[in-house]
Amino acid sequence: MKILVINCGSSSLKYQLIDMETEKALAKGLVERIGIEGSILTHKAGEKKFVVETPMKDHQVAVELVLKALVNEDHGVINDVSEISAVGHRIVHGGDKYAKSVLVTDEVVENIEECIKLAPLHNPAHIIGINACRTLMPNTPMVVVFDTAFHQTMPEKAYMYALPYEMYTKHSVRRYGAHGTSHKFVSLTAAEMMGKDMKELKIVTCHLGNGASCSAVANGECVDTSMGLTPLEGLVMGTRCGDMDPAIVTYLMKAEGLSIEEMDTLMNKKSGVLGVSGVSSDFRDIEDAAKKGNHRAQLALDVFHYRVKKYIGSYIAAMGGIDCLVFTAGLGENSISSREEICKGLECFGIELDAEKNNVRGKAVEVSTEGSKVKIFVIPTNEELMIARDTMEIVAK
């Protein structure tokens with residue numbers, strides 16, 4: 001079975017065609033600047049790379065070009081589009097309606113539309129991508145995989161905010177989380193690496209990148225996660241502030257004369273390690289500056305590491321223990337120093353990092369000491385494969 005995985009942004013489209021017998025990507029690519037001057041498709045199949053620069057007025061044109069690239073005589077990997085057994089679509093927000101992936105129907109699309117208020121930058125693009133694929137591949141089954149679904153097992157006490165209850169019933173204000181597909185993938189992989197069923201374990205997963213979140217996974221289910229109604233809550237991130245006193249919003253709006261839009265931009269685009277360091281939102285740049293003695297760069301790293309450590313500790317308390325700690329995503333997979341700093345002080349929980357084993361980037365490997373009571377893993381995330389697995393399972397049924 002070959003599954004096409006689609007991830008649509010407002011002006012972009014990422015894709016992978018995955019052979020589910022081997023779980024290897026036959027081809028992958030990125031379409032950029034859809035509906036904008038300078039539209040471009042970059043397609044890779046093995047060692048072959050193919051670039052197309054041509055106007056693309058909408059996502060349907062982009063999907064057409066992707067399908068043509070997949071069947072191209074020179075750089076294609078299939079003979080006919082009919083070889084694609086199903087399409088899996090990444091959806092950022094499914095609200096509280098979906099705790100698992102589902103087949104695409106008109107009703108499902110309508111429900112995704114209802115969640116636009118919760119993900120105004122993402123869900124509209126996802127719908128455009130779904131409609132484009134349904135038009136071009138009307139006989140191919142399609143599945144939607146929600147980033148929020150894995151977190152829908154959280155108990156009320158974990159997802160409810162202490163606001164008037166009608167804010168939840170009228171406006172759906174609650175914790176939803178994000179990165180759920182990634183947290184699910186690395187939790188399952190960690191359990192496999194331990195030779196155990198995920199339902200037997202208490203796991204803390206740390207998806208650390210420009211966007212970052214932690215999740216508590218107990219007995220196979222997510223019981224808490226750091227992102228909230230939006231991805232702004234939780235950890236300090238590249239440009240997002242994460243947790244802070246909510247009164248700061250009104251205080252700064254008055255003190256700086258900021259509009260609602262300006263305050264939103266400040267918290268989402270100008271804060272995080274960028275705001276503290278004044279250097280960059282890229283942790284590599286900040287680490288370089290810190291090594292050269294830049295105090296604010298070092299402070300940004302310290303704040304970030306401290307916040308991650310606090311969440312790990314709180315989730316251990318919430319679950320009543322921990323069997324496994326996982327680092328994933330760009331920073332979690334590649335920053336040796338960040339993993340080391342985050343694990344410092346967690347020895348009291350039985351978490352002991354092996355410095356020699358930790359000297360690794362981008363590989364699925366255990367990095368805990370022989371005597372560590374808790375296993376520590378670095379696991380490269382693979383959200384596309386997780387989407388493909390869910391899609392295959394649902395289509396097979």
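Me: Hello! Between which two strands is the loop that holds Asn219?
Reply: A word first: this is a predicted model in which local features need pLDDT of at least 70, side-chain atom pairs count only at pLDDT 80 or more, and totals for chains, interfaces and linings use all residues. Residues are numbered from 1 along each chain as its sequence is written, and side-chain values use heavy atoms, with hydrogens and water left out. Helices (H or I, at least four residues) and strands (E, at least two) are DSSP runs, numbered from the N terminus. Asn219 lies in the loop between β10 and β11 (221–225).

Me: What is the phi of Asn219, and is the residue buried or exposed?
Reply: Asn219 is not a glycine, yet its phi is positive, at about 55°. On the scale used here, buried means under 20% relative accessible area, exposed over 50% and partly exposed in between (1.4 Å probe, protein chains only). With a relative accessible area of 47%, Asn219 is partly exposed.

Me: Which residue in the loop between α5 and α6 has a positive phi of about 60°?
Reply: The loop in question runs between α5 (166–171) and α6 (180–194). The residue there with a phi of about 60° is not a glycine; it is Ser172.

Me: Which residue lies over the face of Tyr159?
Reply: Tyr159 is buried, as is Tyr168, and ring pairs link both of them with Tyr165 into a cluster. A charge sits over a ring if NZ of Lys or CZ of Arg is within 6 Å of the ring centre and within 35 degrees of the ring normal. At 3.7 Å from the centre of the Tyr159 ring, that residue is Arg174.

Me: How many aromatic pairs are in the whole structure, and how do Tyr159 and Tyr168 pair?
Reply: Rings of Phe, Tyr and Trp (its six-membered ring) pair if their centres lie within 6.5 Å; planes under 30 degrees apart are stacked, over 60 edge-to-face and the rest tilted. A search of the whole structure gives five pairs. For Tyr159 and Tyr168, the centres are 6.2 Å apart with 45° between the planes, which counts as tilted.

Me: Which helix supplies the largest share of the largest nonpolar core?
Reply: Such a core is a set of buried Ala, Val, Leu, Ile, Met, Phe, Trp, Tyr and Cys residues joined through side-chain atoms within 4.5 Å. The largest one has 40 residues, and Phe304, Val308 and Ile312 are among those with the most contacts inside it. Strands β9 (202–207) and β12 (324–328) are among the elements that each supply at least two residues. The largest share, ten residues, comes from α11.

Me: Which residues does Ser372 touch?
Reply: Ser372 is in the loop between β13 (365–366) and β14 (375–378), and it is buried, with a relative accessible area of 10%. A polar atom of its side chain lies 3.2 Å from the backbone nitrogen of Glu352. Contact means heavy atoms within 4.5 Å; not counting residues up to four places away in sequence, Ser372 touches Gly350, Ile351 and Glu352.

Me: How far apart in space are Val31 and Asn139?
Reply: Val31 is in strand β3 (residues 24–32) and is buried, with a relative accessible area of 0%. Leaving aside neighbours within four places in sequence, its contacts include Leu13, Ile40, Met56 and Val66. Val31 and Asn139 are 108 residues apart in sequence, and their C-alpha to C-alpha distance is 24 Å.

Note on methods:
A polar contact is a pair of N or O atoms within 3.5 Å; within protein, one must be able to donate a hydrogen and the other to accept it, and residues adjacent in sequence count only if both atoms are side-chain atoms.
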